[in-house]
Every structure is written in C-alpha cells, then in structure tokens.
Amino acid sequence: MKMIEYENLAKLNAPFFDDFQNEFKNVMESGWYILGNKVKEFENDFAEYNNSKYSIGVANGLDALILAIKSLDIEPGSEILVPSNTYIATILSIIHNNCKPVLVEPDIATYNIDPSKIEEKITDKTRVILVVHLYGKICAMDEIIEIARKHNLYVVEDCAQSHGAMLKNRKGGTFGDINAFSFYPTKNLGSLGDAGAIVTDSEKLAEKVTVLRNYGSSKKYYNQVVGFNSRLDELQAAFLLVKLKHLDQINQHKRNLASLYFKYLKEDFVKPVMHPDYYDVYHIFNIRHPQRDKLKQYLLKHEIKTEIHYPVPPVKQKAMEGIFENAIVTPVADEIHDTTLSLPISYFHKEDEILRVIEILNQY
Ligand SMILES: *Cc1c(COP(=O)(O)O)cnc(C)c1O
C-alpha cells in the first residue's frame, strides 16, 4: 500500500500550478518586484476577505507579530499575556519587543487560551493579551474582549493557523486591535516562500506598520522612525492572490476530512471539540492519547505519517532560559505536548486515505 503522507506541498499546490506560472510571467515581465501593484491588490482583497479595513503585507508571520506589537508603542518591560502551548514564534515576538511574556494556560478542550485563567495573571504592567487561534479554531473572543475592556488592555490576534476561521460568522483577525497572519507554505493560505500580513481596522496603526515595514519611511530616502525591512514580494503576493480565491474551498475540504474523523474514529482518542458557533478550519487535526509515541510508531508501521504540534512547550525550550520564573509550571500545556498527535488533513488528501487512517487507528 502507498504511504499516506502528512503533508506534501507540491501536491497541495498542484491544482494552482498553471495560474502560478501565468502570474510568474506577469510579475517577471512587469519589472517591479517588491511592494508594487500585486501587493496592493492582495492587501485589498485580503482585507475584504476578512471584513477588515486595512491589510498590510510583510515578510513573514513572525514579523507581522513583531510589527503589530511594535505599533502599540508600549513601554519596554511591559507584560504581554500569551498561551503557554503556542508555537515559539508568538513568544519570540514579545521578546523582540523587549516585553515580558506571561504564560496563561490553555483550555484542555479547545487548546486555546483559557479565559477563566487570564485575570489572575493581570498586573499593573500588563498591556496586551496576545491570543493564538491554535489549530484553526478561534479563541473565546467574547470573554477575552470583555476582560481586555475591563482592564484597558490591547488585544492582538495570532491568526497564523486560522485563515478563514470564524466565531459567530465573524472572521478571526477582526476582534483584536491589530492582528497577524503568516502565509508560510504549510498554512491554510500558504505561499511559495515566506510571507505575512497585518490586519487592523485602525487607520493610525495601519499607517504605523506600513512605515515600520519599509525602513521607517513613507517617502523614499526620508526616515521618520527606526524601521525594519519586512516587505512583501510581488511574486508571493501574486501567488497568494491566486490561492486566496480558493481559500474557502481549501478550508471546506479540510472540514470535510475532519467530519470523517469525527464520525468514524473511535472514542479511545480524544478528538477536538466542535460547537455550532465556531467555524473551525483545521490547520491541524489533532487527537490525544496517553501512548502518543507508540501510536505514532504504530501508524508509521502501517505507512501513515503524522506530526506532533508541538513536542516541546515554549517554556522548556533552551532558548527560553532566563525568560520565565524558574518556578513556573504549565501542567495543561505539558499534558497537551505529551499526548497530542496531528493526523493527515491536507488539501490533497482524498476521503479514502482518511478512511484508511481511521481504519488503522480503530484497530489500535
Ligand atoms: C507559523 C506560525 C507563526 C509564524 O509564522 P512564520 O511565517 O513562520 O514566521 C506564528 N505563530 C503561529 C501560531 C504559527 O503557527
């Protein structure tokens, strides 16, 4: 039998190859390669897709987060609340702003930041709640926004895994003050290289990040602030325009595959939760099992590849030495990192492949 891959970017993108080639030719012949009309067009379309006023293309998702936080002009040493089980990039964006990441445990059912554990972490230095819509599910934004209003905090959304995901028909990226997307090739909206975007309804913040991404300059050779080089390429923008038109279809395909897991996978495996208010886009479909590592080996023996998102929680990474208090414990994040397993759910996977994964899993 043929190996079922976890991901294959060439197969994922194969349906778009002809359009990509046309766009490559257009951009090549235009002679304009960075921050041009394609970037503007993508920014307009992406803002419209998210029902938000402004979208600003940047070089990658980490930069989108760094510049989003930077635009808030908070004092160095400020505390930013962040979920303890996120991907390291979210935490790095806080550190690169000379702020202090303060970990909040996730809800074990949703894997997203637990709103009931936020207020106990707020101090007079707290300025931002940085939420992450992990695996493609929007966080409990009603509760989070209410807490932020009460304590006068900014909200920033990390939407790197949640393109098109919704809560009560409202897209992720429209709840916070300023919000970040990644278009890393594996994401639901993925480019053919690095790319990212910031989304906001605030004209003031949009202008700030537009200046910050391009050497702190809004007029060529005149620099108002200490900026960055985090510009988006025309080629990546052109490829993203092609894929944005198919994003809903990509998400729907992943949701169909997820529905097979929900319907047929036996209850020995802890599946994600579903709720009618939430439109989840399954960047990752994870299950949890106490013998996760054995289960992964078993699947591999049966020609099925899986991944672990993520094997080591941020607090236990070597790079984080000295960042957090030694006494910090994150039992919920640890439990997730020890037991989670991500199953195949890419745009190129066929239903019969997912049914085979289910059949093999149910025999475990
Ligand atoms: C991928 C990802 C990022 C970073 O995006 P890059 O484009 O790789 O810089 C940030 N946060 C989360 C949750 C991610 O999954």
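Start with G61: one of its backbone N or O atoms lies 2.8 Å from an oxygen atom of the ligand. Keep in mind as you click around that this is a predicted model.

Next, add S182 and K187 to the selection. S182 brings a polar side-chain atom to 2.7 Å from a ligand oxygen, and K187 also places a polar side-chain atom 2.7 Å from an oxygen atom of the ligand. How much of the ligand does the protein bury? Taken alone, the ligand exposes 380 Å², and the protein buries 90% of that.

Now show the pocket surface, if your viewer draws one. The ligand sits in the largest pocket. To see which elements build the shell, color α4 (61-70) and α5 (88-95): these are the elements that give two or more residues to the shell around the ligand.

Widen the selection to the whole shell. You should pick up 13 residues surrounding the ligand, and the closest are G61, L62, D158, S182 and K187. What does that shell look like by class? Color by residue class and you get six nonpolar, five polar and two charged residues.

Time to leave the ligand and go hunting for salt bridges. There are 17 of them in the structure. For one to zoom in on, pick E43 and R213, whose side chains meet in a salt bridge with an N to O distance of 2.8 Å. Why is this pair worth a look in terms of sequence? E43 belongs to helix α3 (residues 37-49), while R213 is in the loop between α7 (203-212) and α8 (234-244), so the salt bridge ties together parts that are 170 residues apart in sequence.

Two backbone stops remain, so switch to sticks and turn on the main chain. As background, most residues other than glycine have a negative phi, and most peptide bonds are trans.

Select Y111 first. Y111 is not a glycine, yet its phi is positive, at about 70°. Where is it along the chain? Look in the loop between β3 (100-104) and β4 (126-132) for Y111.

Then jump to H309 and Y310. The peptide bond from H309 to Y310 is cis, with omega near 5°. Y310 is found in a loop as well, the one between α10 (292-301) and α11 (331-339).

Key
Residues are numbered from 1 along each chain as its sequence is written. This is a predicted model: local features need pLDDT of at least 70, side-chain atom pairs count only at pLDDT 80 or more; totals for chains, interfaces and linings use all residues. Side-chain values use heavy atoms; hydrogens and water are left out. A residue is near a molecule or strand if one of its heavy atoms lies within 4 Å of it. A polar contact is a pair of N or O atoms within 3.5 Å; within protein, one must be able to donate a hydrogen and the other to accept it, and residues adjacent in sequence count only if both atoms are side-chain atoms. Accessible areas come from the Shrake-Rupley method with a 1.4 Å probe; for residues, only the protein chains shown count as cover. On a 1 Å grid over the protein atoms alone, a cavity is a set of points where a 1.4 Å probe fits but cannot get out, and a pocket is an open set with protein on both sides within 12 Å along at least five of seven lines; lining residues have an atom within 4 Å of a point. A molecule sits in a cavity or pocket if more than half of its atoms lie within 2 Å of its grid points. Helices (H or I, at least four residues) and strands (E, at least two) are DSSP runs, numbered from the N terminus. Ala, Val, Leu, Ile, Met, Phe, Trp, Tyr, Cys and Pro count as nonpolar, Asp, Glu, Lys and Arg as charged, and the others, Gly among them, as polar. A salt bridge is a side-chain nitrogen of Lys or Arg within 4 Å of a carboxyl oxygen of Asp or Glu.
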